[in-house]
Number of protein chains: 2
Amino acid sequence: MSDLKYKILARVKKDLEDIEVALEQNLNPHLDLVSQIAGHILFSGGKRLRPLLMVLSARICGYDAGYDKVFSTIFEYLHAATLLHDDLVDEATLRRGKPVANSIWGNPIAVLVGDFLLARSLAIAAETKRPDLIKVVSNITENMSQGEIHQLMRKGHLDLTEAEYMEIIERKTAVLFRGTCRSGALIADVPLKKVIALSDYGFNLGMAFQMVDDLLDYSSDTDVLGKEVGADLKEGKLTLPVIYSLESAVPKDRALMENIIRSRNFSINDFKILIKMIDKYGGRTYTQNLAADYVRHAKEGLGVFNNTETKETLLMIADYTLSRKF
Amino acid sequence: MSDLKYKILARVKKDLEDIEVALEQNLNPHLDLVSQIAGHILFSGGKRLRPLLMVLSARICGYDAGYDKVFSTIFEYLHAATLLHDDLVDEATLRRGKPVANSIWGNPIAVLVGDFLLARSLAIAAETKRPDLIKVVSNITENMSQGEIHQLMRKGHLDLTEAEYMEIIERKTAVLFRGTCRSGALIADVPLKKVIALSDYGFNLGMAFQMVDDLLDYSSDTDVLGKEVGADLKEGKLTLPVIYSLESAVPKDRALMENIIRSRNFSINDFKILIKMIDKYGGRTYTQNLAADYVRHAKEGLGVFNNTETKETLLMIADYTLSRKF
């Protein structure tokens with residue numbers, strides 16, 4: 001475990017424990033099977049980054065009314081719901097090292113339990129009695145579903161542009177990060193300036209987070225990552241490292257890369273050749289640098305806040321996003 | 001067209017037109033494909049019964065602030081979302097005489113467009129700025145997903161009881177009808193007594209509506225119904241007419257019925273034998289009578305309101321629910 005990760009975890013240990021309890025207490029299903037399947041996706045070693053960001057955002061705004069942990073479950077339930085639906089979309093087999101829910105219980109049940117989790121997150125949002133926060137939650141879901149559809153429509157298309165990629169990850173990931181941080185500020189009733197500052201922090205962090213996530217698909221191994229390496233590409237999902245290198249490659253190299261990508265069930269050896277090509281044109285470095293830019297913007301966003309321990313933690317989380325290995 | 005249906009349509013013609021416009025204007029998708037698929041399910045001859053019930057419920061409570069049509073779309077979008085997800089669950093091929101969306105665009109897209117419609121309904125609910133109404137909407141979704149899961153878990157089980165059936169249709173259908181009528185009362189800011197009266201009306205109407213819907217599977221033909229006759233049973237979905245008759249049948253008849261149901265891909269002839277058995281034990285009459293009881297309760301619920309044209313229309317809709325043929 002990296003030093004930075006250790007430091008962050010030491011600071012938020014109590015918060016993570018409280019979030020864990022809140023996730024168990026607020027699930028509230030009527031059927032045992034729902035509890036079992038929702039539990040399969042919810043309690044399988046998730047990082048709890050989204051609820052944690054809401055709790056810290058509320059805290060940096062001076063919130064102390066005690067409902068932050070309960071409300072933070074909104075964003076983990078929402079996240080888990082989209083994972084259930086995405087696994088079906090992606091035809092993935094592993095998630096966090098475990099078989100995906102739809103491969104165990106079938107597509108229909110996975111879809112319906114996802115709907116239930118979506119409804120739970122909405123019900124808890126309604127309990128805040130804040131239409132502005134509820135609007136944030138519905139906006140996240142609208143964006144995520146459309147981001148996923150956009151990605152799905154362009155699956156296997158080798159002409160996906162960097163601009164399209166950016167739009168997709170904004171909708172798929174950054175809007176949720178923005179929403180969780182914004183909601184933390186909203187429940188604290190701070191002036192708009194601080195709401196916007198935290199929204200910007202969340203948005204930029206989310207963009208960086210997704211880019212690094214996409215990079216990991218080219219750098220980690222299956223055991224560490226909990227899913228297959230090269231899985232994105234095997235599904236025809238092009239991400240920035242490969243998009244950038246494809247755009248810059250000379251025709252011969254581009255053809256070589258395209259052949260490997262098109263074959264889908266490429267060998268480890270082919271994949272190594274592909275990575276060599278990506279690195280020849282700087283696709284990974286470019287992605288890492290762009291992610292670093294977003295992290296810099298995320299941190300700048302917090303400039304309006306006084307220096308506190310909470311602010312320091314949020315800054316550390318931003319830095320860690322860049323260096324994480326899984 | 002029955003005389004009653006003609007009378008109702010003449011009264012609500014303008015409302016239905018306004019609802020249609022609102023459904024087009026509030027969909028608001030970012031991608032053409034989403035608009036196309038959502039349109040496939042939304043604009044294929046739906047009855048618009050759910051939004052209409054909200055509009056009439058608001059009107060009987062004296063609401064005149066002009067947002068009833070917009071807010072009524074919440075319940076049609078929600079309904080369309082669940083249809084998209086249910087068609088995947090049910091493995092149906094036809095819906096309202098058209099191929100189901102997932103058979104044209106595939107499961108993943110159908111799931112994601114369903115998510116988008118769910119999010120739209122939530123976003124519009126948020127625009128009401130009423131946490132009580134938003135809670136109604138989330139409660140509907142929680143119930144519907146769990147009702148569908150319950151039904152799915154018990155698919156093909158010939159020991160499904162009447163009590164279980166009632167619980168399933170309550171969650172699957174009646175909670176949505178209750179919610180749409182309740183929401184009409186909520187936006188009108190009437191005393192709790194009227195909110196409860198309309199909730200009861202909606203709930204009882206929904207129960208009757210589903211029972212009649214289940215009856216139609218045994219009595220209509222494919223052309224009128226827009227889906228296959230006997231489709232429920234072919235999927236292993238037992239409904240009240242057959243549950244009641246199975247429970248009352250002597251062992252020999254029960255075995256005969258069970259054999260036909262178990263074979264799933266039964267012939268038209270087998271299906272006719274089954275209907276003969278159902279009628280021998282009064283399964284259809286029992287269901288029709290129970291639905292009539294619920295309609296009576298629905299109408300009684302409106303006793304707290306003065307006699308107006310709107311009240312008359314709601315009473316007519318209740319009566320029509322019993323006599324509808326598709």
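This report describes the pairing of two chains, one helix contact and two loop residues in a predicted model.

Because the model is predicted, local features need pLDDT of at least 70 and side-chain atom pairs count only at pLDDT 80 or more, whereas totals for chains, interfaces and linings use all residues. Residues are numbered from 1 along each chain as its sequence is written, and chains are lettered from A and ligands numbered from 1 in the order in which they are written.

**The two chains**

Chain A superposes on chain B with an RMSD of 0.0 Å after a rotation of 180° and a shift of 0.1 Å along the axis; the fit is by least squares on the C-alpha atoms of residues with pLDDT of at least 70 in both copies. The two copies are therefore related as by a two-fold rotation axis. Both copies use the same surface, since 100% of the contact residues of chain A recur in chain B. Contact here requires C-beta atoms, placed from the backbone, to lie within 7 Å.

In total, 35 residues of chain A are in contact with 36 residues of chain B. On the side of chain A, two or more residues each come from helix 2, helix 4 (68–90), helix 6 and helix 7. Helices are DSSP runs (H or I, at least four residues) numbered from the N terminus. Helix 7 of chain A gives the largest share, 14 residues. By class, this side of chain A has 20 nonpolar, nine polar and six charged residues. Ala, Val, Leu, Ile, Met, Phe, Trp, Tyr, Cys and Pro count as nonpolar, Asp, Glu, Lys and Arg as charged, and the others, Gly among them, as polar.

**A helix pair in chain B**

The axes of helix 9 (residues 192–216) and helix 16 (residues 309–323) of chain B come within 8 Å and cross at roughly 25°. These two helices of chain B are therefore roughly parallel (angles under 35 degrees). From helix 9 of chain B, B:Y201, B:L205, B:A208, B:F209 and B:V212 meet B:L314, B:A318, B:T321 and B:L322 of helix 16. This contact has eight nonpolar residues, one polar and no charged residues.

**Two loop residues in chain A**

Most residues other than glycine have a negative phi. The table lists two residues of chain A with a positive phi.

| Residue | Phi | Loop in chain A | C-beta neighbours within 10 Å |
|---|---|---|---|
| A:N28 | about 60° | between helix 1 (3–25) and helix 2 (32–42) | 13 |
| A:K129 | about 55° | between helix 6 (107–127) and helix 7 (131–153) | 13 |

A:N28 counts as partly exposed, and A:K129 is partly exposed too. A residue is buried with 20 or more other C-beta atoms within 10 Å of its own, exposed with 12 or fewer, and partly exposed in between.

Definitions and conventions:
Contact = placed C-beta atoms within 7 Å. Axes fitted to C-alpha atoms, helices over the stretch in contact; angles between N-to-C directions. Parallel < 35°, antiparallel > 145°, perpendicular 65-115°, else oblique.
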